[in-house]
Each structure stands twice: as C-alpha cells, then as structure tokens.
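Me: Please zoom in on one part for me: the pairing of strands, and then whatever packs around it. I'm in my first year, and I'd like the terms explained along the way.

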Amino acid sequence: MPNNYVLAIDGGASKTTVSLRTLSNDIIFEATSTGSNYQAIGAARVEQVLTTLLKQVAAHTKEIQVVAFAIAGIDTADDLQIVEQIIHKSIQQAKLQIEHIFIENDVEATLLGASNRQPGAILISGTGAIAFAYNGKNTVRAGGWGHRAGDEGSGYWIGQQIVKAIFRTEDGRLSERTILTELVFKKLRISTLAELANWLYVADYTNARMASLASVLAESVAMGDQIAHVIANEAAYELSLIAEVALKKAGYKNGPFPFYINGGVLAHNEFITNELKDRISFSYPDINFVLCEEQPIEYVVRRALGAV
C-alpha cells in the first residue's frame, strides 16, 4: 500500500489530539476534541470521539503507513483489549486503510517517542502520577493506578492533601495556621469553609477539579508555609519512589541514562522537582534529567515516525 503518511493520536483524560504528518514530518492536518480515556467517559463515547476525528483525517487521505495511538487508561491487558476494540471500530467507520498500528498507554508512547526507542525512563505527575522505563527490550511501569489506589505525588493527591490540611486547620486538629486556606479561597473566589465543601461535592466533580488546587502549593512553599512544605516534600518522596521502582524493574544500575519528567506538578513546582532530582540522583548519580518541553502530540508523532 504505497503512501507517505503517518498519524499520531494522543488521547488523554481531558482532550484528544490527532496529527497527520508526511514521512518528512510536515503537518497535513491536526485537530483536537474531548478526552478519550474510556475509564472516565465510557467506551461508547470514546468510539464517538475517535470516529469523528478519524473521519476528518480520512478527508485528507484514506491510506496511512503507521498510526500510533497513545491512549490514557490502558493499565491492564483487559484495558488494552477494550481500547483495541474501540479503535478498530472507529477505523472501520472512518474507512481508513492502515499498514501498521501501535496502541499503547499514552505515557509509554511518550517515552518511546522522546527517547527514539532508546533506553530511558519517564515520570509524569499531572492529574495522576506514573513512571515508565525502557531498557532497550522491555517497557516496565510503576504507579498510575488511579486516585482510588494511590496516585501519590500527583496533582490530585496534592490537591487532596491541601483540602485535608485546610479542614483540619479550621477544625483545630492542626495547631498552626496555613496560607493554603487563603490561597485556595482566592483561587476559587470563595470566602468560607462551607463554600469549599460545596465546591468539592458538586454533581459534576472530576479528578481534574481536585488537581487544579495543586497550583497554589508552590506559592505557599515560597512564602515559607510549613504545612505546604510538608506536603511538597512528601510529594517529592512519593514520586521518587515511583521513579526508582521503575528504574529497578528495568534493570538499570549505572551509566548515562535519560530520565524525562513531565506534567503540571513537575513543570510548575520547582521545589518538588528539585527535591525529586536530588532523591533520585542520590541512588542513581548518572541519571540525566530532561524536562519535556514540547506538546505531548510531538512525542507520539516521533513514535509513529520511528516505526516507519
């Protein structure tokens, strides 16, 4: 099937981006829609999102050499099977002809794209937290099991710790006051604890809603707030555990090794990022940290192009 195109799909919890490129990485078409994590919105809705996007792609070409699907929510073999079924239905409805298809967890695809399938590791702390490592043969993971099972060090986890600290302080269960209360009230444009409780228990509550509160932590730490400092330090510790477990599973011991870091928590909280680096470097001094600065879709594109 002669053609000159690759397609990358980055499907996260909040948005899904598709990018059709030539083999020389020229952009032919790009579009963005709502999230495509079936665990969050259901298989039927994901099929609808992907089908709509793929039909738009089909308007430009119906023959594609490689498609890389990087989809959030692929955590187990059962998840992969469900997502594969969704994707194949969407491809059929869009009437696309594809030579090779990769379907992977979005973070795994980001790592393989960023490292060009060379050994390396990645830690992402956004709404959730997860680490992957690739040793040149096998990909391993740690964390990323969702907020009900943990996600320690993630934006959701940090937001939850902030809320707990506010309520505990207001109850008198914590002896010292915290600037976190004032900053959260300001962010949400509220003025009472009752309003905060109402904000938490609305019908359209999402994990991203809780994670959004993590943005006040860096300012609180910079202002010398001790409770904020404890939360930030614990977040760095938990993230370092995830990272080191992934490195251990991959069999890494020493030598130059790229370690990619990504996600809002690590991009915007310098204290957590620096503390994390110090902890990992203590155990693995040869690690080379690389902050992911490009849009996630670019790493998925590289994953696709690397398979041509």
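Reply: Two strands pair if DSSP finds at least two bridges between them. Helices (H or I, at least four residues) and strands (E, at least two) are DSSP runs, numbered from the N terminus. This is a predicted model, where local features need pLDDT of at least 70 and side-chain atom pairs count only at pLDDT 80 or more, while totals for chains, interfaces and linings use all residues. Residues are numbered from 1 along each chain as its sequence is written, and side-chain values use heavy atoms, with hydrogens and water left out.

Start with strand 2, residues 15-22. Strand 2 has strand 3 (residues 27-34) as an antiparallel partner, with seven bridges between them. Pick one spot to see it: L20 stands opposite F29 of strand 3. Strand 2 and strand 3 make a hairpin with four residues between the strands, and there N25 has a positive phi near 75 degrees.

Strand 2 also pairs with strand 1 (residues 5-11), again antiparallel and over seven bridges. Here D10 has T17 of strand 2 as its bridge partner. Three residues lie between strand 1 and strand 2 in the hairpin that they form. Strand 2 is mostly covered too, with seven of its eight residues buried (buried means under 20% relative accessible area, exposed over 50%, partly exposed in between, with a 1.4 Å probe and protein chains only).

Now hop to an open sheet. Five strands build it in the order 8-7-6-9-10, and the pairing is mixed. Strand 8 (139-143) and strand 10 (287-291) sit at the edges, each pairing on one side only. From one strand to the next, the twist averages 20 degrees. Look at the strand 8 end: strand 7 (residues 129-134) is joined to strand 8 by five bridges, and the two run antiparallel. A133 is partnered there with V140 of strand 8.

Helices lie against this sheet. Helix 10 (residues 226-249) lies across strand 6 (120-125), strand 7, strand 8, strand 9 (257-262) and strand 10, running at about 25 degrees to strand 7. Helix 12 (residues 270-283) packs on the sheet as well, where it touches strand 6, strand 9 and strand 10. The direction of helix 12 makes about 160 degrees with that of strand 10. Contact means heavy atoms within 4.5 Å; axes are lines fitted to C-alpha atoms, for helices over the stretch in contact, and angles run from 0 to 180 degrees between N-to-C directions.

Let's follow some charges outward from there. Side chains of opposite charge can pair when their charged atoms come close. A salt bridge is a side-chain nitrogen of Lys or Arg within 4 Å of a carboxyl oxygen of Asp or Glu, and this structure holds eight. One of them joins R141 to D75, with the closest N and O atoms 3.1 Å apart. That pair links distant parts of the chain: R141 belongs to strand 8, while D75 is in the loop between strand 4 (63-71) and helix 3 (77-94), 66 residues apart. R141 and D75 are buried.

Helix 12 carries a salt bridge as well, between R279 and E275, whose closest N and O atoms are 3.4 Å apart. R279 and E275 are separated by about one helical turn, because they are four residues apart in helix 12. R279 counts as partly exposed, because its relative accessibility is 26%.

Back at the strands we started with, R21 is linked with E30 and E298 in a network of salt bridges.

A helix pair is worth a stop too. Helix 5 (residues 155-171) packs with helix 6 (residues 179-188) at an angle of about 115 degrees, and their axes are 9 Å apart. Helix 5 brings I162, I166 and E170 to the contact, and helix 6 brings L180, T181 and V184. Another salt bridge joins R173 to D171, at 3.0 Å between the closest N and O atoms. D171 counts as exposed because its relative accessible area is 54%.

One last residue: Y205 is in the loop between helix 7 (193-200) and helix 8 (207-211). Leaving out residues up to four places away in sequence, Y205 touches Y156, L200 and M210. With 28% relative accessibility, Y205 counts as partly exposed. Y205 and L7 are 198 residues apart in sequence, and their C-alpha atoms are 33 Å apart in space.
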